[in-house]
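Visitor: I would like to learn how to read surface and core features from a set of coordinates. Where should we start?

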Amino acid sequence: MGLYLHVPFCRKKCRYCDFLSFECNDDSLLTEYSSALIREIQLRYREWPYRVVDSIYIGGGTPSIMPAEDMVRILSEVREHFLLDNDCEITIEVNPATLTEEKLEAYLNAGINRISIGVQSFDNAILSMLGRIHDKNDAFKAIRMAKKAGFDNINIDLMFGIPGQTMKKWRDTVRQCLFLEPEHISLYSLQLEEGTPLYKMVHTQKLLTELPPETDRTMYHDALQMMESAGYEQYEISNAARPGFESRHNLKYWSYQEYLGLGPGASSFVGGHRFKNCEKMLEYLDFIKKGEPPVKPEDVEHYTLRDEMGIYIFTGLRKTSGFRISEFEKTFGEDFFDVYDPETIRELRGLLVAEGDTIRLTEKGFDVSNKVMAAFV
């Protein structure tokens, strides 16, 4: 299974972010949290002992604000309680402004072998408007430091569809990303989430103008074409990689594989069960102090077999390769076309294609993927 470790702290919360994260500038609080996470590792091991883990993803928030020795302690505890595959992929998310040579050395010594750098843009004006704490120079420095330290599996996160972002600015960002030659690139369309400062700047204060959907889609396809020309292969709606560098952990989410989430708000799908840790930090810490898994009864999800089939298809269609009908039938013990009317496939012609044993989205289908997926959920 995969293991997800949530570090819900940032030096400063970005204007577009609605993830479960909190501003923190006190290392002692981060150390206290790492101790709680270690106790949850111990609790979870009692529930799921002797499980082989072949991917670990440390996300946030900004895990790289945590003192390096605390990150080393956490990973040491994981190794003590779970059976790590010899080729385990271990990823940490970092912000360029919080990365140091000392942290990179500690990460490598702790077994972290993949680093995901949240760059978003190489345009300083856009970074400032988004509320990022780094600038373009920080990003270049962080990537070069990571390579010099010995990381040979680096992901760069990019964001498009940002108010004020022109096609030229976006293409310049993609070019600079390709110049740095990361092994993996994630590209995300900005989602204006209600309640975030950026949403208010666009919809309430009218300080910024949202980009038209057609511009957003042009940015997406242009970037993918540039990446393909540079030797990257798109393997999921928002991800492209050099051959052999696809994210093993993220593929678990899209391939109906097991993952165990630790930390506030972390979701799990393991042993046929779906559940989510409580989101409030004080509640989470209270559960941990009592020696109980931090899951409230209402956060245990109960899905029907048909619901699970929908999840299988919804996530599988995110991959450019789609999903195999034979694997669906092996997983659920039912004929695919007994469950879903073949007419559904025909009605979505042009957006969805069935080739032999495989059903996948077309390029046009990726642009309206939610519409297509909704037909199966």
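Guide: Start with a cut-off: a residue is called exposed when its relative accessible area is over 50%, and buried when that area is under 20%. Keep in mind that this is a predicted model.

Visitor: Is Y50 buried or exposed?

Guide: Y50 counts as exposed because its relative accessibility is 62%. Y50 sits in the loop between α1 and β4 (52–60). Together with V52 and L83, Y50 makes a nonpolar surface patch of about 330 Å².

Visitor: What is the general idea for the interior?

Guide: In soluble globular proteins, nonpolar side chains tend to be buried together. Here the largest nonpolar core has 101 residues, and I115, M227, L317 and F336 have the most contacts inside it. Helix α1 gives the most to this core, with seven residues. A second, separate core of 14 residues includes C14, L130, M159 and I162.

Visitor: Which residues is I115 in contact with, leaving aside neighbours within four places in sequence?

Guide: Among them are I92, V94, L99, L104, A146 and F151, and also N153, I154 and N155.

Visitor: How do I read a single helix, and which residues of α10 are buried?

Guide: List the buried positions, then look at their directions around the axis. In α10 (residues 281–289) the buried residues are M281, Y284, L285, F287 and I288. These lie on the same side of α10 because they cover an arc of only 155° around the axis. On the other side of α10, L282 and K289 are exposed.

Visitor: What do the buried residues of α10 pack against?

Guide: Their packing partners are β2 (9–10), β3 (22–23) and α1 (27–47). Just after α10, G291 takes a positive phi of about 75°.

Methods: Residues are numbered from 1 along each chain as its sequence is written. This is a predicted model: local features need pLDDT of at least 70, side-chain atom pairs count only at pLDDT 80 or more; totals for chains, interfaces and linings use all residues. Side-chain values use heavy atoms; hydrogens and water are left out. Buried means under 20% relative accessible area, exposed over 50%, partly exposed in between (1.4 Å probe, protein chains only). Helices (H or I, at least four residues) and strands (E, at least two) are DSSP runs, numbered from the N terminus. The arc is that of the directions from the helix axis to the C-beta atoms. Contact means heavy atoms within 4.5 Å. Patches are made of residues with over 30% relative accessible area and no salt bridge: like charges are joined within 9 Å, nonpolar side chains (Val, Leu, Ile, Met, Phe, Trp, Tyr) within 5 Å. Accessible areas come from the Shrake-Rupley method with a 1.4 Å probe; for residues, only the protein chains shown count as cover. A salt bridge is a side-chain nitrogen of Lys or Arg within 4 Å of a carboxyl oxygen of Asp or Glu. A nonpolar core is a set of buried Ala, Val, Leu, Ile, Met, Phe, Trp, Tyr and Cys residues joined through side-chain atoms within 4.5 Å.
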